[in-house]
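Subject: The structure for you to look at

Hello,

Here is the structure I promised to pass on. Have a look at it first, and then read my notes underneath.

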Amino acid sequence: MTSTWRMVVGGIGLVALAVGFLAIVYLTAPAAPGPDLARSKNSAKGVFSVEIAPEAGDIRQGELHSWVVTVKTRQGAPVEDATITIGGGMPEHAHGLPTSPQATAYLGDGRYRIEGVKFSMGGWWQLKLAIEAAAGTDEATFNLVL
Ligand SMILES: [Cu+2]
C-alpha cells in the first residue's frame, strides 16, 4: 500500500470508530428525565424521611380526596406533633392548587391525614409539604402525574 492509501484507510477507520462511539453514546443516553415520582424521600435538608399515600389508594382527578403523610426522623422514629403546611401546583402551568389542603388529624406512628386535596386537571402536579417539628423544620416536594 502507498502511504496515501494508508492514510485513507486509517481515516475511514477513525470515522467508523467515531460513528460507533457516538451511536453508543446516543443509544445509551437516558431519555429526557421526567419528574421524580417517588412517594417517599428525604426532606430537602435531610431532617425527615417523608412518605405520602392517597388515603383511598388512588388519585381521583377532579375530586376532593385525602392523603396520609408519614413523617419520620432519618433514624426512623415517628415524628409527632408536627405542623404540616401544604402547598403546590402545576409547575408547567404556573398555577397553584385549586384548594387549600390542611393537615386535619394525627393518626399515630408519624402519620398525618391531609384533607381537601384536589387535582383539577391532568398533568404534572407538585405537593409541597413544609414540616415543623421538634427535630427541625424542613420541606419535601412530591411530583404527581395524572
Ligand atoms: Cu394546570
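To start with the surface, the protein has an accessible area of about 8800 Å², and 58% of this belongs to carbon and sulfur atoms. Please keep in mind throughout that this is a predicted model.

**Overall layout**

The protein has one helix and nine strands. Read from the N terminus, the order is α-β-β-β-β-β-β-β-β-β, with the helix ahead of the strands. Of the 146 residues, 29% are buried. If you take the contacts between residues at least 6 apart in sequence, 59% of them join residues at least 24 apart.

**The copper site**

Which residues hold the copper ion? Its protein donors are Met90 (SD), His93 (ND1), His95 (NE2) and Met121 (SD), and they lie 1.9 to 2.4 Å from the ion. Along the sequence, these donor residues follow the spacing M-x2-H-x1-H-x25-M. The last two come from distant parts of the chain: His95 sits in strand E5 (residues 95-96), while Met121 sits in the loop between strand E7 (111-117) and strand E8 (124-133), 26 residues apart.

Why is the arrangement called tetrahedral? The angles subtended by the four donor atoms around the copper ion run from 97 to 125°, and four donors count as tetrahedral if all angles lie between 85 and 135 degrees. For comparison, the ideal angle for four tetrahedral donors is 109.5 degrees.

As for how open these residues are, His95 has 28% relative accessibility and so counts as partly exposed. Met121 is also partly exposed, at 31%.

**The hairpin beside the copper site**

Two of the copper donors also face each other as strand partners: the bridge partner of Met90 in E5 is His95. The strands concerned, E4 and E5, run antiparallel and are joined by two bridges. Together E4 and E5 form a hairpin with four residues between them.

In the turn of that hairpin you will find Ala94, which has a positive phi of about 55° although it is not a glycine. Most residues other than glycine have a negative phi. With a relative accessibility of 75%, Ala94 counts as exposed.

Asp81 is another residue to look at for its backbone, with a positive phi near 55° and again a residue other than glycine. Asp81 belongs to the loop between strand E3 (65-73) and E4. Its relative accessible area is 73%, so Asp81 is exposed.

**Strand pairing and the core**

Strand E4 (residues 83-90) has a further partner in E8: the two pair in the antiparallel sense over seven bridges. Within this pairing, Thr85 has Ala130 of E8 as its bridge partner.

Which residues touch the most other members of the largest nonpolar core? They are Ile84 and Leu129, in a core of 24 residues. The elements giving two or more residues to this core are strand E2 (48-54), E3, E4, E7, E8 and strand E9 (136-145). E8 gives the most, with five residues.

Leu129 is a good place to centre your view. Setting aside neighbours within four places in sequence, Leu129 is in contact with Val50, Ile52, Val69, Ile84, Thr85, Ile86, Asp138, Glu139, Ala140 and Phe142. Among them are Ile84, the other residue named above for touching the most core members, and Thr85, the bridge partner of Ala130.

**Around the loop between E3 and E4**

Glu80 lies in the loop between E3 and E4. Not counting residues up to four places away in sequence, Glu80 touches Tyr106 and Tyr112. Glu80 and Ala133 are 53 residues apart in sequence, yet their C-alpha atoms are 7.5 Å apart in space.

Finally, is Thr73, in strand E3, buried or exposed? Thr73 counts as buried, because its relative accessibility is 17% and the cut-off for buried is under 20%. Leaving out residues up to four places away in sequence, Thr73 touches Val47, Ser49 and Val79.

Enjoy exploring it, and do write back with any questions.

Best wishes

Methods
Residues numbered from 1 in each chain as written. Predicted model: local features only at pLDDT ≥ 70, side-chain atom pairs only at ≥ 80, totals over all residues. Heavy atoms only, no water. Buried < 20%, exposed > 50% of the residue type's maximum accessible area, 1.4 Å probe, protein only. Contact = heavy atoms within 4.5 Å. Areas by Shrake-Rupley, 256 points an atom, 1.4 Å probe, with all protein chains shown as cover. Donors = N, O, S within 2.8 Å, 3.2 Å for Na, K, Ca; no water. Tetrahedral: all angles 85-135°; square planar, octahedral: opposite > 155°, others 65-115°. Pairing = 2+ DSSP bridges. Core = buried A, V, L, I, M, F, W, Y, C linked by side-chain atoms within 4.5 Å.
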